[in-house]
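Here's a quick briefing to read alongside the structure. Take a look at the fold first, then work through the points below.

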Amino acid sequence: MQNDEELKQWILDGVSERFRQNPTAQFFLQRAPIKMPAYRHYLTDEELDALKTYILWLRKQKSPSE
């Protein structure tokens, strides 16, 4: 994930535009046994913001091995 907008694309569409346009990424995405679901029609703006905040918070946490 490069930025907040890309995270939003992953959540809403199941894939980011950057990955959608990359042939190498498409090779792997099309063969993935489990696909990221798109939540565009299920989340309110407030829920999307809360989810983005939570994901970014999780990424900041150190793993137990660190």
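A patch here is built from residues with over 30% relative accessible area and no salt bridge, with nonpolar side chains joined within 5 Å. Keep in mind that this is a predicted model. It has 4 helices and 0 strands, and on its surface L51, Y54, W57 and L58 make a nonpolar patch of about 390 Å².

**Overall build**

- Going along the sequence, you get the pattern α-α-α-α.
- The C-alpha atoms fill a box of roughly 35 × 30 × 20 Å, taken along the principal axes.
- Of the 66 residues in the protein, 18% are buried.
- The accessible surface comes to about 5500 Å², and carbon and sulfur atoms account for 56% of that.
- Take the contacts between residues at least 6 apart in sequence: 55% of them join residues at least 24 apart.

**The nonpolar patch**

- One of the patch residues, L58, sits in helix α4, which covers residues 45-60.
- Is L58 buried, partly exposed or exposed? It counts as partly exposed, because its relative accessibility is 38% and that class lies between the 20% and 50% cut-offs.
- That 38% for L58 also clears the 30% cut-off for joining a patch.

**Where α1 meets α4**

- The axes of helix α1 (residues 4-13) and α4 come within 11 Å and cross at roughly 115 degrees.
- The crossing of α1 past α4 is right-handed.
- On the α1 side, the residues that meet α4 are D4, L7, K8, I11 and L12.
- Their partners on the α4 side are L48, L51, K52, I55 and L56.
- L51 turns up twice, then: it belongs to the nonpolar patch, and it is among the α4 residues that meet α1.

**Salt bridges**

- How many salt bridges are there? The count comes to 5, and three of the pairs are described below.
- E6 and R18 pair up through their side chains at 2.6 Å, N to O. This pair links distant parts of the chain, with E6 in helix α1 and R18 in helix α2 (residues 17-20), 12 residues apart.
- The E6 end is buried, at 4% relative accessibility, whereas R18 is partly exposed at 36%.
- Within helix α2, E17 and R20 form a salt bridge at 2.8 Å, N to O. They lie 3 residues apart, about one turn of the helix.
- Both ends of that α2 pair are partly exposed: E17 has a relative accessible area of 32%, and R20 has 36%.
- In helix α4, D49 and K52 make a salt bridge at 3.8 Å, N to O. They are separated by about one helical turn because they are 3 residues apart in the helix.
- Here D49 is partly exposed at 42% relative accessibility, while K52 counts as buried at 10%.

**Where the charges join up**

- Which residues are linked in a network of salt bridges? They are D4, D49 and K52.
- Two of these, D4 and K52, also appear in the contacts between the helices, with D4 on the α1 side and K52 on the α4 side.
- K52 is therefore worth finding on the model: it counts as buried at 10% relative accessibility, bridges to D49 and is part of the network with D4.

Key
Residues numbered from 1 in each chain as written. Predicted model: local features only at pLDDT ≥ 70, side-chain atom pairs only at ≥ 80, totals over all residues. Heavy atoms only, no water. Patch = residues over 30% accessible without salt bridge, like charges linked within 9 Å, V, L, I, M, F, W, Y side chains within 5 Å. Areas by Shrake-Rupley, 256 points an atom, 1.4 Å probe, with all protein chains shown as cover. Salt bridge = Lys/Arg side-chain N within 4 Å of Asp/Glu carboxyl O. Helix = DSSP H or I, 4+ residues; strand = E, 2+ residues; numbered from the N terminus. Buried < 20%, exposed > 50% of the residue type's maximum accessible area, 1.4 Å probe, protein only. Axes fitted to C-alpha atoms, helices over the stretch in contact; angles between N-to-C directions. Left-handed = near helix turned anticlockwise from the far one by under 90°. Contact = heavy atoms within 4.5 Å.
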